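Here is a quick tour of one protein model, going from the overall picture down to a helix pair and a strand. Keep the structure open while you read.

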Amino acid sequence: MKKADPNPKANRNIMKLVYAVTALFLGMMVYMGYFLQVRSEDVINNSYNPRLDSFADRVVRGEILAADGTVLAQTHLDQNGNEVRVYPFGSLYGHVVGYSTRGKTGIESLANFYLLSSHVNLMEQIVNQLMGENNPGDHVYTTLDHQLQQAASDALGDRRGAVVVMEPDTGKILAMVSKPGYDPNTVAADWDSLTSEDNNQGQLLNRATQGLYPPGSTFKIVTALEYMREHPEDYKNYQFDCDGIYENGEYQIRCYHSTAHGSQDFIHAFANSCNGAFANLGLSLDLSAFRATAEGLLFNSALPLAIPYSQSSFVMDAGADTWEILQTSMGQGATQITPIHNAMITAAIANGGTLMKPYLLDRVENGAEEEIKKFLPEAYGELMTAEEAANLTELMRAVVTEGTGSAVRTDAYTAAAKTGSAEFETGKETHAWFTGFAPVEDPRIAVTVIVEESGSGGAVAGPIARTLFDLYLSR
């Protein structure tokens, strides 16, 4: 006869403990797998990780190259045998490639782990060890297009501002220029002057990713999207009579240079960048929904970007007064955006509403030109529907064919754009904005330009974009 369990409650508790320990063990296994596959390189590459310093003791820092193999950063030995980081193009790539003295910035920081890793063959490692020499680090090929980078820098000239060029369907960053710049070859020697309290030039600031500006009329993309969402069937029927100055109670909104646009429907109000029309329609919007649309386009949000950036801001809420609504609807007031964020919104429109994560690293190779790692395009998500993207493209196409974006009007290709002239301080000239893509039927390139205190976006920033469109699409 089978004996009864003397303590069934204790056995149940033991089994619960066994299940809990097993579940905990399995959870740890899953996390370790996730960490090794996804998170380990980020942790190793953290600038606070002392392990990287030990890599530098036995590995010569690898090269950084443009997509075509042009060397952007390399390590030389000086006459005393000391390793010296050399940047052949000086300030041209100062912000995007960065520097590796006084800390690390740009791609020097982003690719630090790869540059200090060595995948030379075993025999070469043995020979180097016997001779007391460091192994050569791996080389990092970037997505940067050397011709575009040079053309963007030349077109911007000595003016302050930034240029960002992307592939809409991959997220590859083809060019990133910020001015004024600095020479990474002499950044250590120039450090005191670059960081002096008396220096108001901000040469170390990467304006492309960290510069915050009022978006001006480029924000009308956001306002237009919200209006279309609230009026999906009849948004094109919107009508406004512009005499150059829109008055609402005690408030006045002027179009650029008080230009009277006359009778405007929705498409022409967008194409002509009519401030009065957009201030007027802004008063009709659901402000809670407006904020949700802006935040859906990554205002007040983290960006899928691996290098340091500033977060764009949209602060208007449902309790906003009339003046704030008027200003915000046309891209003024407290709204701020970075050039890279503006480029990402534009690229998402060009890509049918889906934003591809912007990236700068293409692949890693060892000294024998064997591929060690390949970086592939990755979708962030849908910022808008394909239909909404198509409707915005129609508006942006009209900017080029009959509005303020005539600088990129050509028979060689089709382009879509939005210009902007952003006020930021009374008595100073406006910042000039341009953001757009081409060709419209099969977008291959998206360009965003800001030129500080330069006036009209169409007249100043537009020709810079035209130079880049022409160069890239002529290949």
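Of the 475 residues in this protein, 50% count as buried. Bear in mind that the model is predicted. The C-alpha trace spans about 90 × 85 × 45 Å along its principal axes, and the protein has 17 helices and 19 strands. If you take the contacts with a separation of 6 or more, residues 24 or more positions apart account for 67% of them.

**A helix pair**

Let's zoom in on helix 10, which runs over residues 220–230. How much of helix 10 is buried? It's mostly covered, with 9 of its 11 residues buried. Those buried residues are Lys220, Ile221, Val222, Thr223, Ala224, Leu225, Glu226, Tyr227 and Met228.

One element it packs on is helix 12, residues 275–282. Two packed helices are described by the angle between their axes and the distance between the axes. For helix 10 and helix 12, the angle is about 45° and the axes lie 11 Å apart. An angle of 45° is neither under 35 degrees nor within 65 to 115, and the two helices are therefore oblique to each other. Their crossing is left-handed.

Which residues meet where helix 10 touches helix 12? On the helix 10 side you'll find Lys220, Thr223, Ala224 and Tyr227, and across from them Asn275, Phe278 and Leu281 of helix 12. Sorted by type, the residues of this contact come out as 4 nonpolar, 2 polar and 1 charged. The helix 10 side of the contact also ties in with the burial picture: Lys220, Thr223, Ala224 and Tyr227 are among the buried residues of that helix.

**A strand and its partners**

Now over to strand 6, residues 139–142. In a regular strand the side chains alternate between the two faces of the sheet. In strand 6, His139 and Tyr141 point one way, while Val140 and Thr142 point the other way. Are these residues buried or exposed? All of them are buried.

Strand 6 pairs with strand 2 and also with strand 14. Here are the two pairings next to each other:

| Partner of strand 6 | Sense | Bridges |
|---|---|---|
| Strand 2 (residues 64–65) | parallel | 2 bridges |
| Strand 14 (residues 361–365) | antiparallel | 4 bridges |

For specific spots to click on, try Leu65, whose bridge partner in strand 6 is Tyr141. On the pairing with strand 14, His139 has Glu365 as its bridge partner. Both His139 and Tyr141 are buried, and they point the same way from strand 6.

Note on methods:
Residues are numbered from 1 along each chain as its sequence is written. This is a predicted model: local features need pLDDT of at least 70, side-chain atom pairs count only at pLDDT 80 or more; totals for chains, interfaces and linings use all residues. Side-chain values use heavy atoms; hydrogens and water are left out. Axes are lines fitted to C-alpha atoms, for helices over the stretch in contact, and angles run from 0 to 180 degrees between N-to-C directions. Angles under 35 degrees count as roughly parallel, over 145 as roughly antiparallel, 65 to 115 as roughly perpendicular and the rest as oblique. A crossing is left-handed if the near helix is turned anticlockwise from the far one by less than a right angle, and right-handed if clockwise. Contact means heavy atoms within 4.5 Å. Ala, Val, Leu, Ile, Met, Phe, Trp, Tyr, Cys and Pro count as nonpolar, Asp, Glu, Lys and Arg as charged, and the others, Gly among them, as polar. Buried means under 20% relative accessible area, exposed over 50%, partly exposed in between (1.4 Å probe, protein chains only). Two strands pair if DSSP finds at least two bridges between them.
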